[in-house]
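Student: I am new to this structure. Please pick one part and take me through it closely, with enough of the surroundings to place it.

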Amino acid sequence: MAWLVVRLAISMSLLYAASAVFEDQVGKFDWRQQFIGKVRFALFDTHSQASKKLLVATEQNVFASLNSRTGDLFWRHVDKTGPEGHIDALLMYGQDAVVVVGNGRLLRSWETTVGGLKWETVLDTGSFQAAALVGVQDLVKYAAVLKKSAISLHDLSSGSEIWVENLPDSDSVQYQTIYSGGNGLVFVLGVVPNSHIVIVEYKIEDGEIMNKKSVEAAWMSSLESSCAVVSSGILLCVDQITQSLYTLPLQSAEQTEMRQIHLQTLDLEVVSGFRPVLTSTQPNPAQPPLSEFFLQLSPDHHILLQFKDGLIAPLRDFNPSYLAAFATSGERTVAAVMSPKNDTACSINLFSADTGRRHLDTTIIYHMDPNGGKPNRLYVHAFLKKDDSVGYRVMVQTEDLTLTFLQQPGRVVWMREEALADVVTMEMVDLPFTGTQAELEGEFGKKAAIQDGLLPMVLKRLSSQFILLQAWLAHLWKLFYDARKPRSSVKNEVTIDILSRDEFNLQKMMLMVTASGKLFGIDSKSGTILWKQYLENIQPNSVFKLIVQRTTAHFPHPPQCTLLIKNKDTGLGSLYVFNPIFGKKSQISVPALPRPVLQTLLLPVIDQDYAKVLLLIDDQYKVTAFPSTKNVLQQLQDTASSIFFYLVDSSQGKLSGFRLRKDLSTELIWEVVIPTEVQKIVAVKGKRANEHVHSQGRVMGDRSVLYKYLNPNLLAVITESTDAHPERSFVGIILIDGVTGRIVHEAVQRKARGPVHFVHSENWVVYVYWNSKFRRNEFSVLELFEGAELYNTTVFSSLDRPHPPQVLQQSYIFPAPINTLEATLTEKGITSRHLLVGLPSGNILSLPKLFLDPRRPEVVSEQSREENLIPYAPEMPIREEWFINYNQTVSRIRGIYTAPSGLESTCLVVAYGLDIYQSRVFPSKQFDVLKDDYDYILISSVLFGLFFATMISKRLAEVKLLNRAWR
Amino acid sequence: MQQMKRLLVVYVALQALFALSWCFSDAEPGPAAGSQSNGDRFKIEGRAIVPGVKTQDWISTARILVEGEEYVGFLKTDGSFAVNDVPSGSYVVEIVSPSFRFDPVRVDITSKGKMRARLVNYIKTSEVIRQPYPLQIRSSGPHTYFMKRETWGWTDFLMNPMVMMMVLPLLIIVLLPKVVNTNDPEMRKEMEQSMNMLNPNPELPDVSEFMTKLFSKGSSKSSGGNKGSRSVAPKRR
């Protein structure tokens, strides 16, 4: 008996190991793109001329090395999210890069060629202010880190702390910058706002305070950006109110106040309201900075100045100019300045820093993307050419987080769309038919068949067949033509014009909305960005909701998507309507939303142009319809009594249901209050609107049917206890009917806490929580059944449900942490379901839903075996073959999007986080297409063999008969 | 599977034990909740080894994850690692690498900073099977992400039960008449007898007879019948 069970289970587990990847499928239908995020620091490796390294540290807490020739990643290290992984400073010397992480908590040194850590030291607590490399006698040996109240010096080769000193009067003085000119001293500069500057000198060897002085500066509020150290230790500050520059030698004892130089004497003026910025450069930390510096007077006005013998002389005025940056190669320092050329392009020129003279033939033309943002950062990589002149390449970062790497005379070497590192929401839209496909489809239109007679129909058929033949011939010709060309020149460039729906609708358009407000249209097959659109003036804390109002199925009406952009604080929203295939903004008039939007509702009601109606509910429970034509309003009036919606107010713990009235006002129907003192609502989820359930019930072992409770209005509400103590914390789940407000089921998981991830689909809810008692993740599954009979076999109505459903629940241990959870989705819902689990390791696990079945028996019986139920086991298995993305891990996976394809067996999957990964999964194997490894040769050879065998045996039989007849 | 079943048994049997054992472990290493008491921060140290592979080939893609992504550490160029700033508690430490597999280890840190490492057991969470600390995590080889394709070979084909079922009777049909001398009248008698034994009801039409009748009709003009085909054989000789 037991061995039978074992054998059964083994065979079954073999059967269900279905969605594995075969090695030859690598890269066939999947792709991954890796991103780094918004660049905070970028340094070119100038250590050797041939080096291709570009080190970047980003706002996403990523430290990476890019290949500056291709833009690909050499390596990338993804730290913890949030302030604890925040990269405060990046310094580079030789082959090593020193990084200050987590508000000055950790100091790390990276070996940049391998991408491994050299050392890591923990610093004392205290908020980070500044860090600098310190050199002694032309050698960079130390790194100094300035905190709010202390300064420490570290050895660069081992990371060991040389000394740490408390700063004097740190509670009143704000120490902000650090400076070392290679003369054995470290200067710490602090400011008491609107009073004076404090300068403290430390000896490098032992941290002894050599000198401390304070200088009157009543006009100063902050040292950062308005001050810089130039020449041999001259502090230079700029103030926009007094319109002057101030200078002070850091080391001199006699000068006790700052010398004022009016900007007027230099014929300069700061634009009112703009904070002027000083930029100096110190090519070698063991030597004092150069005496040349940039002063930015307005957003588009820079000036290169020189400090000499206590005097400031302008070298060159750049008006207009957007960006300016210094770069050094060998002994020569140059300045690159970006100036506008015309409306769509900028020109970048190189000037020698010491004279301000322009280098000849160094112009780079940078073409601005009309759908993108303005450039806001310029990184220059200067190098010496063979003829000893200075060449350079630049990396431009724009507001929309595009990194463009250019070389002369304006060739784009590579481009990275770093906005995609922070995808907020996405949708997949079917591609449109081509003209010929649409023509064919049009033939089957309803109207045409009725109006035309038999003969025109036949003619139409013939003509469309002719068109098909023509298209096929054209295709053949193209194939032939391409084959003659060398392979390299035939590049499979994907453009919008040639995109059309494929046979099985496997290729779709991915619409991605990023946190920076940039929209992308990406081809799902290749990952090519087909269009991008930067929406300006997006608040950083906006939330987005993407709604597909009209799909591509309504030719000739263009598809239509609506993006609701909502400010998180004020709740005020705006709508952006666009065509998802071409990315163009629609000309449709958009309703103004003067009040905060609480809820949106996409109705199945369509207007005369086949666009689904979107309802927006504001904070006074008034409803705005979009589109709001007469036709729509009429339809809404007719159907108003059956339109319900719900609102969630998690701050008050209130769930409420409303019904639409004919005049587009609303009435409250039900209200459920979850006391906020005990628990808070974490998430509410309904079912996906495009989900199909194929079978109404499950066939049991005794041939009876257990019918599923398929309530389309069911909401799953997850709550978490406010008490975080591991003994008293709990996670609750409430299933509420969204129309009537009836609580269908309620379950509580004691000694559990979030984060809870859950999927609500068909008749089940799967949720994951942290068991704080046993310190492990647990899966729990709830399944709802109506019982052996359906109450109403034709239609489901929430209002007429006398019997509560039967609820089954089972829990399992999941031996790994979880980042995100989603379920596969197929066209008709026949294919078995899998759960896609995003793990922190970056893998996506495809877990068969069969393992999450509350009917898994503890004791195996004849009937359960008949039903193919796997015996209960407390621990969920994780197999490496179930990782759909093999070694293409997705860092910081935040969401998984699933979409059905035209093939029932195939579900399209997009995982996004820091990276984007697209693939297909086959939860029940590819039952509707021939397998990839289908042996055409064998089958055809067998067929031919049989054919010839018949021929030969026929001949032989004839001969034999003839012989017999002669006998 | 057997393991699953055993686990199940263990699980049920140890249900009662849990409460008891929990008390012990609760007092000793201190649960994760101990982190709330704003105490010292500690360092989890160890070394990761991939036998036969140079460290620089894999460390740039690997990370150390402590309890999911709660604390993150990176590998040094010699394969050692240290995760700083970890408060006292019990954590699962895992090295994640897209190429190599490492087994996770549970590390307990007391509020005084005492460390111990043990095997991760999610079912018997309080079971202690000591592991060395500082951690020594040896890779158990590369990940096996891919399923093997079923390759087609002659042996597979021949060993297929369906093929065997077809081939063996064929061999018997072809070879047996040659081995057994059918001309021997005694033998024939014996065979007929055995045939009769097999066919207990002589009234019932024999299926094979029926079939041969059906097929022989079309192909040959000879008199047909079961005897016919049999009588042809001796004629031919």
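Tutor: Start with chain B, whose accessible surface comes to about 15,700 Å². Carbon and sulfur atoms hold 60% of that surface. Such areas come from the Shrake-Rupley method with a 1.4 Å probe, and for residues only the protein chains shown count as cover. This is a predicted model: local features need pLDDT of at least 70, side-chain atom pairs count only at pLDDT 80 or more, and totals for chains, interfaces and linings use all residues. Residues are numbered from 1 along each chain as its sequence is written, chains are lettered from A and ligands numbered from 1 in the order in which they are written, and side-chain values use heavy atoms, with hydrogens and water left out.

Chain B has 237 residues, and 32% of them count as buried (under 20% relative accessible area; exposed is over 50%, partly exposed in between, with a 1.4 Å probe and protein chains only). Six helices and 10 strands make up its secondary structure. These are DSSP runs numbered from the N terminus: helices are H or I with at least four residues, strands are E with at least two.

Now chain A. Its 967 residues are 53% buried. It has seven helices and 63 strands. Its C-alpha trace spans about 125 × 80 × 70 Å along the principal axes. Take its contacts (heavy atoms within 4.5 Å) between residues at least 6 apart in sequence: 50% join residues at least 24 apart.

The part to look at closely is in chain A. UniProt, in an unreviewed entry, places "domain: ER membrane protein complex subunit 1 C-terminal" at residues 761-966. UniProt positions follow the numbering used here, feature names are shortened, and annotations may be inferred rather than shown by experiment. Over this stretch the chain is 17% helix and 30% strand. Its end C-alpha atoms are 79 Å apart.

Next, the largest nonpolar core. Such a core is a set of buried Ala, Val, Leu, Ile, Met, Phe, Trp, Tyr and Cys residues joined through side-chain atoms within 4.5 Å. This one has 38 residues. A:Phe779, A:Phe814, A:Leu835, A:Ile844 and A:Leu852 touch the most other members. Several strands of chain A each supply at least two core residues, among them β55 (764-771), β56 (776-787), β57 (806-814) and β59 (834-838). Also on that list are β62 (907-912) and β63 (916-921).

Zoom in on A:Leu835. Leaving out residues up to four places away in sequence, A:Leu835 touches ten listed partners, including A:Val759, A:Trp764, A:Phe779, A:Glu822, A:Leu847 and A:Leu852. A second, separate core of 37 residues includes A:Met395, A:Leu403, A:Met510 and A:Leu914.

Then go to A:Pro854. This proline lies in the loop between β60 and α6 (862-866) of chain A. A:Pro854 counts as buried because its relative accessibility is 9%. Residues up to four places away aside, A:Pro854 touches A:Val781, A:Glu783, A:Leu808, A:Gln809, A:Gln810 and A:Tyr812. A:Leu295 is 559 residues from A:Pro854 along the chain, and their C-alpha atoms are separated by 70 Å.

For another loop, try A:Ser222, between β18 (209-216) and β19 (227-230) of chain A. At 18% relative accessibility, A:Ser222 also counts as buried. A:Ser222 touches A:Gln176, A:Val191 and A:Arg275, residues up to four places away not counted. The C-alpha atoms of A:Ser222 and A:Val192 are 8.4 Å apart, with their positions 30 residues apart along the chain.
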